[in-house]
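Colleague: I would like to go through this model one feature at a time. Please show me the sequence and the structure before we begin.

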Amino acid sequence: MGINEFINYKVAALLHDPPNKARILSEGKELHIGHEREAYKIASSLRCAFPKIDTYLNSTNENNADNLAASIDRYLGSIVYRDKSMFYEKNIYLKNILQPKLNLNIGNLCFPIFSMRKCDQQFINSLVKLLTKLDTNLILLYQIFYLIYELHWIDSMYSTGPADTRNPTHNIFDHLYATAAMMNWILTFSGHGGSKRKGCLLGIDTVGVADFIGKGRKTRDLWISSYLVSALLWYVITAFMEEYGPDVVLFPSLRFNQFYAFYLLEKLRKEEIDNKVIDEVEQLVINYIFNGDDLFKKLKIPPYPIIPGRVTLILPGFKKEIDHYFPLPDDNYFISKVKERYDDGWKRLIHALRIYSQEKRGDGFWNLVCNILNSTEELLLTPPLKIRVKQVSVEKSEIFKKSSLRPDAWKVYDTKYRQLVSEFKKDKLVKIAPESHLKLFELTKDGKLPQFGEKSKRGYEFCTSCGVLPAVVIMPKEEEFNKLIDLGIAKDENDLKSLKKIISPGERLCAWCLVKRALGAEPRLMKVLLLGDLYDVEEIVNNVTSETVKIEIPSTSDIASIRTFEEMIEKKDELCEDLKDEKVCNTPNESRLSMWQWFNENYYKGIDLTIDSEEHWFSEEKRGYYFSLFRRHGINFPSPYYALVRADSDYLGDLLEGKLTPYLAGIIDSGDYANISEKKKEVSELLKEYLINAGSGDIICYIEKMIGGIFTGDYTNAGNYLHKQIKDPGKCYEQLKESKKYFNEIFNEGRIIVTPAWHVSISSALNRGLIAEITLINKHKGFVIYAGGDDLLAMLPISEVLDFIKESRRAFTGYGGKLGNMCLEDGFARFNNACYPALPIVGRSYSVIVSHYADPLPTIVNDSYYLLEEGKERISIDNGKESIKKDIVIFKYQGLQAVIPLSLVRPIVTSVSSFEDIASIIDLILALKKKIDEGEISTSLLYDYKNCKDLVTSSPLPVAKSLLEYWIKRNSSLKDAKELVGLFKPEYFTTRIEGYQLKGDLISNVVYTLRIIFGGE
């Protein structure tokens, strides 16, 4: 198959339904316009960019991909597609694909019809104008079209309707992009030799991500470790999206993907495309993918590591050679390609470091790096991270019977995905550390290990960063640090001072940890991975070398000092009168940028933010001086504490398999699926509710009658209702038989049968959730360490952490109002008038460790990981009616722990009113904290509760509330505490928390949380 034909089929998949399809389904009869005609209108307008693209519409390949991409909620596939008038529905709703009880009536929003002569053609004209200026290869055209098609629709202020008004649970773009993905399998089996080829579902899993990120003594070590995880996998992804197109990447979705957008902008520049075109695309990217944040433009790399450690690809059964695709040489071709590409990415990065350090040898640190890289070539051949790669194949006979789709073809994708998951589960039983591939014994037994700085008296020293490998850098202690000048590593005192900022006295680093430290010092070198094979390594390094802007990454003491910095900026004029001899008030004389947005927003406001807090107010020598100075000027002396926040979605892996554990977290668990029949009542009720609510109009009645037949064994009512739609008794009976088989399959499995549309919807929703979360971290002055997939690791000031947890948890469900250029409301994320589903039924758990800036980072990071992973599995919440799990936040400060549930019912969201209950306990904590901050309540409240706890938890509700009112008034100046007591909902008094060395009532945990927060402030 030629590349032009291959790409045109994928473009046709994106165009086979028009974005305004819902309006045409609703009004098409009156307007005498079909959605096929509208699709043809848009496609034919794009022939200038994609010649003859309209001829690819309504092809057999496109129809097959369309059918297989459809979501489970389009239950009656054969009815819906064979007879277009079946269960006609005029109303236009958009329902959340995970919780269809949440719906938007969007019939009154903006849906243009381009086939009408008087309709504004601006959307089409703008697309044509932009695409025709890309006079280049078809793969780039497709990549750009894949990026901007829905962004342009959003920017045109149009609405996104459902793919089908009868079953409106995913929007049109989710369906279109899922169809393009499924085209990879359909085209595999198309044409001559199709029966011999195999499609593929391939997964990549980075081993030990949390452990790798946690091995670092400085914040820059954590951040660059996270970025390395993302960038290495991204380098692998670029090879596949260049060969087959961006649709092959199912997880993470390349829609609303910051790495993908950055890559394409740079590719446009390399192709020397008109700057006006680049500017137009860039503005769309800034507005809707970076949510108004243009930091990537200034840094010249995406600032946030957003590619997760797991990737899933849907691949065709051939490889590209020049401009044609040919059969794969063997079944393991893709596995070998992924592993080779991954190793090549690491070698490419080391090559870039080697060139850069050679160029910068005049600097003491880079001189040291250069010497070590030249002496440890063999050690650095192996990447510090290992990946698992698994694949499952699909044959034509599994999807097709002769030339038609098999009746059960809708289930093939589900089967293959579950097989892939099973392969990974088996492989996880054996763990091989990357260190085991290094020839350490040979290096250390005869003193062959290179050592710079000091020499070990016992042969070798362990790295103080990872604690696993022998060090190749051994820094002298503070009092002997000057010897580095005599050793030729640093050239003078200034050089020595710069070196000390990057590698501390007494620190020891292995080769891998030194590479991480070096990349953290110049993260723009990651462009050799971010840009794939667009440029040679030398060209990228030369570009980075010419940069004059220095890049900052905050330290833990910087995060702890935020409030003090802000007060110093506010009072800088009077303060700097007392600090004339101090560097603190120096005007910045060089350009600096940080991965930390708070720094960038405040850098030029009169206080030097690059000073080391540990050498000023946190140093023993200067502490007294700054304490007096700050007191004179009414500035709070900084607390030495900051918050390390980790977040992870609950049961996301189960959700991707269609399991119902996210809906009933704690009521059913992952292990219950070994024998799900034991939970048949709960599962059947949930499935029934989901399936019925997912429909709209007359189809709901048919679904209700079919499900009634499953429970009673009598399908008479369903048959009679169907006969009204299908008059032919034979056809009616055949369809009823197919429907029975379909629904029984779902109820027997006890889960949702997953399809590409299910995965595409969830994957893109995760990206939008990530955009919201990054925006919130910046809003609350935090620093993003890692934000890949559904995982988050960030540092925040203590004063902001409660607000962040509350807003982050609500944003994940699609609630919280305006946030940058997006609006989160009623379980959806809205950009202008375009609405997309959020993940309202998925829980999200957090761990918050209040840590001293000088505490060892590896210990704190690992503690946060195990606190979250073990805590959310072992802690149960008894709400008085049932025991539930997860969707919690665990706070820890020194020896004190507290657990706050973020929801108390399952499913978490059942209606729009449910959103107010999410994180409502955090609202209570914030209200109490505000009163304490304002002096209306004494902190003695937090220690006095133990005196009345037993009475509160054992008394009837009216008495318990009176006791709480007495408790508050006794420790405050408030004359009336009824308003505060009213925030304690009735269920708070009966809820108990148990497990993970915790046992107690909810109100006690509210008190402990406040003690933890005030302890850090």
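Colleague: Are cysteine 576 and cysteine 585 buried or exposed?

Modeller: This is a predicted model, and its residues are numbered from 1 along each chain as the sequence is written. Local features need pLDDT of at least 70, side-chain atom pairs count only at pLDDT 80 or more, and totals for chains, interfaces and linings use all residues, while side-chain values use heavy atoms and leave out hydrogens and water. Buried means under 20% relative accessible area, exposed means over 50%, and partly exposed is in between, with a 1.4 Å probe and protein chains only. By that rule, both cysteine 576 and cysteine 585 are buried.

Colleague: How many disulfides does a search of the whole structure find?

Modeller: A disulfide is a covalent bond between the sulfur atoms of two cysteines. Here it is counted when the two cysteine sulfur atoms are within 2.5 Å. Cysteine 576 and cysteine 585 meet this, with S to S at 2.0 Å. For the whole structure, the number of disulfides found is 1.

Colleague: What is the handedness of the link between cysteine 576 and cysteine 585?

Modeller: The angle to look at is the one about the S-S bond, which is -90°. The link of cysteine 576 and cysteine 585 is therefore described by that angle as left-handed.

Colleague: How far is the sulfur of cysteine 463 from the closest cysteine sulfur?

Modeller: Cysteine 463 is buried, at a relative accessible area of 2%. Its closest cysteine sulfur belongs to cysteine 513, and the two are too far apart for a bond. The distance is 3.7 Å.

Colleague: And which cysteine sulfur is nearest to that of cysteine 835?

Modeller: Cysteine 835 counts as buried, at 5% relative accessibility. It is in no disulfide. The nearest cysteine sulfur is 8.9 Å away, in cysteine 823.

Colleague: Where does helix H35 bend?

Modeller: Helices (H or I, at least four residues) and strands (E, at least two) are DSSP runs, numbered from the N terminus. H35 covers residues 798-813, and its 16 residues reach 24 Å from first C-alpha to last, close to the 22 Å expected at 1.5 Å a residue (1.5 Å times one less than the number of residues). A bend at a residue is the angle between axes fitted to the seven residues ending there and the seven starting there. In H35 this angle is about 30°, at phenylalanine 804.

Colleague: Which residue follows H35?

Modeller: H35 is mostly covered, with 14 of its 16 residues buried. The residue that comes after H35 has a positive phi, near 90°. That residue is glycine 814.

Colleague: How are H34 and H35 placed relative to each other?

Modeller: Axes are lines fitted to C-alpha atoms, for helices over the stretch in contact, and angles run from 0 to 180 degrees between N-to-C directions. Helix H34 (residues 756-779) packs with H35 at about 160°, with axes 9 Å apart. Angles under 35 degrees count as roughly parallel, over 145 as roughly antiparallel, 65 to 115 as roughly perpendicular and the rest as oblique. H34 and H35 are therefore roughly antiparallel.

Colleague: What about helix H30 and helix H33, and at what angle do their axes cross?

Modeller: H30 spans residues 680-693 and H33 spans residues 729-749. Their axes come within 9 Å, and the two helices are oblique to each other. The crossing angle is roughly 135°.

Colleague: How far is the C-alpha of glycine 695 from that of glutamate 89?

Modeller: Glycine 695 is in the loop between H30 and helix H31 (699-712), and it counts as buried at 1% relative accessibility. Glycine 695 and glutamate 89 are 606 residues apart along the chain. Their C-alpha atoms are separated by 9.9 Å.

Colleague: Which residue comes before proline 252 at the cis peptide bond?

Modeller: Proline 252 is in the loop between strand E4 (249-251) and helix H11 (258-270). The cis bond leading to proline 252 has omega near -5°. The residue before it is phenylalanine 251.

Colleague: Is lysine 886 buried or exposed?

Modeller: Lysine 886 has a positive phi of about 65° although it is not a glycine. It lies in the loop between strand E25 (883-885) and strand E26 (888-893). With a relative accessible area of 4%, lysine 886 is buried.
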